Amino acid sequence: MLNRREFLKRGITFVSLSLASRSMLMQVTPGHDTVFGQASTLSGNSRLLVVIQLNGGNDGLNTVIPYGTGLYYDARPKLAVPPTEILPITGQIGLHPKFTNLKKLYDAGRVAIVQGVGYPNANRSHFRSTDIWMTANPDTIEKTGWLGRYLDESIARFHGVKLPAANIGGTLPLTLVGEKVVVPSIASLEGYQFLTDARYPQEREKRIQLFRTINGQSFENAYLDYLAQTGLGAQQSAEELQTAVKKYNSKIEYPTDPFAQGLKLIAQIIAGGIGTQILYVTIGGFDTHAEQNTARVNHPMLLETVDKGLDAFYRDISQMGVADDIVMMTFSEFGRRVRENGSLGTDHGTAAPMFVIGDRVKGGLHGEHPSLTKLDDNGDLIYTVDFRSVYATILEDWLGADSQAILGKRFEKLGFLKQ
Amino acid sequence: MTVTAGETLTRRAFLDRTLLLGSALGAARATLAHAQTAQFDRDAAAHLLRRAGFAGTLEESDRLAALGREGAVDYLLNYEQIDDSAMERGLEKYIQSQNLNLTQFRPIQIWWLYRMIYTKRPLLEKMTLFWHGHFATAIKKVTVAPLMLQQNETLRRFALRSFETLTLEVAKDPAMILWLDNNTNIKDAPNENFARELFELFTLGIRDPITGQPAYTEKDIKEAARAFTGWTIRRGQFYFNASQHDDGPKTVLGRTGNWNGNDVIAFAVAERSTARFLAKKLWEFFAYPNPEPTIIEALADVYFANQYSIKAVMRALFLREEFYSERARFALIKSPIELVVGAIRQLRADLNLRVLPGPLSLMEQDLFNPPDVSGWAGGLHWINTATMLVRYNFANLLATARGGTVGVFAPESLLQGKSFPMPGELVDHLLQVLGPLRLSESTRQLFVDYLAEGGFQLNAQTIDNKVRGLIHLMMALPHYQRN
C-alpha cells in the first residue's frame, strides 16, 4: 500500500524542518540543547542574510540618481528629482532625498551600492523576471530558488536547526524553495502557531493536548505515521519559535507599516537565537506606471518606508550586538524605463541598483552606473553587473558556499564585502 | 436532542449543495444496476465522490449509493446531462458583485475555486484539474491571465473526449505555445521544447511502464520538432505560419513523410506506450500508487477499443473492483485543492473565496502556477512541517468561520434532523461527515471524552464551542490528510 521508496526518499531528505524522526525532536529538549546553545551567541560563524525584495520593479534611476548628467533631466522632465534635493554621493551620483537614514549609513561606510545590475536579454514581465531573479536562471524554468539550493547544499550545517530560514509574509518566494529544506512563511507571529478558536481561549490547551496525544501515537499505517510525525513537528517547532522570540526585549520603535513590522519580526527571530540564517521580507508597490511621485502610494513614499524600516532594524541589531553578523541585500525584478511615460510614471525597464548593507560591508559604489546615452532598442539601460555576480559574492564571501554548485556556473565576484 | 439549522447558514450555499445530485437523478435511477447496490454502500459512494470529485455531504453520498456502482459512475461521467446553469449564473453574479478582475492571477484562481466548490459536475472540474497537472502550464512564464483561463476552458471542454483531440487542442493552445516556446519554433531554427515535453510528459513517457523500454529517441524529438515549426500565435489565437513550417520529409516513431504537427500527435497517441503511460497516471491520480500491470493493460485495451476515448477509460477505471478495494481506500494524500474544496463541500460552508488562495499557495498548490512542466509531484510531496501548519490553521479558519470577512460555516446544518443522545454518537456522526474517518477505538474515545467533559448537553453553546472545536481537531487528524 505504501510507496516505500518514495516514503524513504522523502524521509531521509527532509532533514531540517520536517523532523521525520523522533530522535530529532528529542534533541531539542531544554537542558542539553545544542541548537540554542550554539546559536545564542550569534557571533563567529553565525552569518545571517536578510533579503529585502522590492516587488513591482523599483525605479532605480530615481533611487540612485545620476544627477550629474543632463540626460537624466531630459528623460524625466516631470519626474526627475531636482539637483538641490539630491543627497550627493559623488558629483555625478546621489541618493533620493527620502533615503536620509541610508545616506547616514552610507557615509558611515555601511552601505554598498551595486550599480546597473541586470542580466542578458532582460525580460520585462513581472512574473518571469521575478522568477529569473529568484531562481538565478534567466534561461530555463527552474523549480528551486538560489537560496533554497544554498540551504540544500548546506544541510549538514543546519543539523538540529529547525528554522534554517524563514520568509516573512503570506507567500513563499521561489528564492527559498529547495528540494530538501523546508522554509516556512510567517505572516505574523500570532499566526505562526497551531491556532485554535479565539472565542474560547480556555479550550486552547485542551485542544492542543488532544492534537499532541493523537499525533504522538504510532500508527499501523506508514502514511499516517509520517503525517502524524510531521504534524507534531510543525506544531512543536512553531511553539518553540514562539518561546524563542520572547527573548526579544528591544526598546527600538519600528514604524507601524507591514514592512517595518516584518523587519521587527526578523529581529525577534534573530534574538531568539535558534540558528536561523536566511530571512526574507518583501515590500510591494513599486510598479509605478502612473503618477509616480504623487499617487496615493507613490515612489518617494515607498523609499521612505524602506529607509525608515531599515534604519530601525539596523539600530535594533546594533544594540543587540549582532550587527556584525548580518548582511542585508535588496533586489527588485527590474528597474524602469529611462524616459518617463505620459502618465507621470515609468514603464518596465531593465538594470537597477542593489543595496548591500551591514557592518561587514565595504561601503561605496560598486560596478559602473549604466550609460544614459547607450540604451537598448527599448530605450532601457544596458546592465553592467550580472545579478549572479552579486549572489556569487554573497554565497562565497559571506555564506561560505560553493557558488558554482548553486548558480550552475562561476560568476565574477565583486568586492562589496570586507575580507 | 434535535437541532435545526441556524440562521447563519446562507440559504444559497445550502441549496446549491443539496441540489448537487438533483435533476438528472431520475434518469440515472431508471438504469440502476441492482446487482451491485448491496456492496456499493455509503462509504464506497463517498470514496467515489472524493476521487471523482471533491468529496461531498452525507446526503450526496447516500443519493449516489442508491444508484449502484454503475449508475453512480455513469451519473458522474455523463455530466453534460446535469444542469449546472445555477453555478454558471452564480459565478457570473459573483464576478459582478465582487468586481473580479479576470485579467489577474488571484482572481482567476478564485474563478476556478468557485466552480470546484459549487459545481454539480464534480468530475468535470476534477478532470480539468488532472489535465492542468498533466499539461502543466504556469502563469509565471505565460504571464497573461486570460490565456491561462482560455487554456482552462479548453481542458474543461475536451476533458473526456478523445485523447488525440485533447492533445491536439493543447498543442494549439496559446498559453501552451508560449509556455513551451513553440512561437520560436521555426523552419531554420527548430525549438525542441514542445516536441520533447509532448513525448516525455504528455503522451509516450520516457519509458514504457510495462516493458521499461525507451518509448522514443532523441531523433524522434528532433524530427517531431520540425513538424511543429510554424505553430505559433497571432493576436492571442493559434496561427499556422506556413512560411515558417518545415515542409521536408521527417521520420517520427518509425514513419516517414512530410508530417505536420497533427500527424505527430496521431502517431504518438496510437502508441501502446502512450495508452499505458496515461492509464498508469490516471490510476495513480484517482486510485492508488503503483498499479498492477493487469490494470494498466486493461485500461490501455479500453483506450484502443474506444478510439482513445478518455471517458471510456475513466468509466472502466471507476468500475474496477480494485478501485473500491481496501488498498484503494485512503491510499492517496489530499492535494491542497482536495483538502480545501473538499472540506468546504463536506461542511456546506459558505466561505469568502478570497481567503483561499493565500493558504493554498502556502500549502504549495497555486492554481495556474504549477512549479514546472511536470506539474505537481503530489503524494507525500505535499507534506512538510510548513504545509502541515497551514493545513491545520485552514481547518481552524473554516471551523470557526462565524461571518465577517471569512464567511460562514454553520455546524447546525450538519446536525439537522438528527438526534444525539450520547456524545459518542455525535463524534461518530462528525467522523462520517468528514470522511468517513476510521479511527482506532482509543483515538475515537479521546474525542468523546473531550466532548463529554463537564457533562454533555447538545445546546447552542456546545455546538459553537465543542462541535466547531471537534471539526477543527478532526480536520487536523493525520487521517483527514488522506483521500
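**Note on the predicted model of chains A and B**

1. In this predicted model, helix α5 (residues 68-77) of chain B packs against helix α18 (residues 310-319) of chain B at an angle of about 150°, and their axes lie 10 Å apart. The crossing in which α5(B) passes α18(B) is right-handed. On the α5(B) side the contact involves Arg69(B), Glu70(B), Val73(B) and Leu77(B). These residues meet Lys311(B), Met314(B), Arg315(B), Phe318(B) and Leu319(B) of α18(B). By character, the residues of this contact comprise 5 nonpolar and 4 charged, with no polar ones.

2. A second helix pair in chain B is formed by α3 (residues 42-52) and α4 (residues 58-66), whose axes come within 8 Å and cross at roughly 105°. Because angles of 65 to 115 degrees count as roughly perpendicular, α3(B) is described as roughly perpendicular to α4(B). Helix α3(B) contributes Arg42(B), Ala44(B), Ala45(B), Ala46(B), Leu48(B) and Leu49(B) to the contact. From α4(B) come Glu60(B), Ser61(B), Asp62(B), Leu64(B) and Ala65(B). The residues of this contact divide into 7 nonpolar, 1 polar and 3 charged.

3. Two backbone features of chain B deserve the reader's attention. Most residues other than glycine have a negative phi, and most peptide bonds are trans. Leu253(B), although not a glycine, has a positive phi of about 50°. Leu253(B) is placed in the loop between β3 (250-252) and β4 (255-257) of chain B. The peptide bond from Gly435(B) to Pro436(B) is cis, and its omega is near 20°. Pro436(B) belongs to the loop that lies between α24 (423-433) and α25 (441-452) of chain B.

4. In chain A, 3 strands make up an open sheet with antiparallel pairing, in the order β2-β4-β3. Its edge strands are β2 (64-65) and β3 (87-88) of chain A, each of which pairs on one side only. Strands of a sheet pair through backbone hydrogen bonds, either parallel or antiparallel. Strand β2(A) is joined by 2 bridges to strand β4 (residues 94-95) of chain A, and the two run antiparallel. Within this pairing, Val64(A) stands opposite Leu95(A) of β4(A).

5. Which elements of chain A give two or more residues to the side that touches chain B? They are α1 (4-13), α6 (126-135), α8 (204-215) and α9 (222-244) of chain A. The largest share, 11 residues, comes from α9(A). Across the interface, 46 residues of chain A are in contact with 39 residues of chain B. The residues on the chain A side divide into 24 nonpolar, 13 polar and 9 charged.

6. The confidence scores should be read alongside the points above. The model scores ipTM 0.90 and pTM 0.82. Chain B has a mean pLDDT of 92, with 92% of its residues at 70 or more. Over residues 1-38 of chain B, however, the pLDDT is below 50, and this stretch has 69 contacts in the model beyond near neighbours in sequence. The average pLDDT of chain A is 89, and 89% of its residues score at least 70. Residues 1-45 of chain A have a pLDDT below 50, and that stretch has 75 contacts in the model beyond near neighbours in sequence. Where pLDDT is low, the predicted coordinates should not be read in detail.

Technical notes:
Residues numbered from 1 in each chain as written. Chains lettered and ligands numbered in written order. Predicted model: local features only at pLDDT ≥ 70, side-chain atom pairs only at ≥ 80, totals over all residues. Pairing = 2+ DSSP bridges. Helix = DSSP H or I, 4+ residues; strand = E, 2+ residues; numbered from the N terminus. pLDDT = per-residue confidence, 0-100. Contact = placed C-beta atoms within 7 Å. Nonpolar A, V, L, I, M, F, W, Y, C, P; charged D, E, K, R; others polar. Axes fitted to C-alpha atoms, helices over the stretch in contact; angles between N-to-C directions. Parallel < 35°, antiparallel > 145°, perpendicular 65-115°, else oblique. Left-handed = near helix turned anticlockwise from the far one by under 90°.
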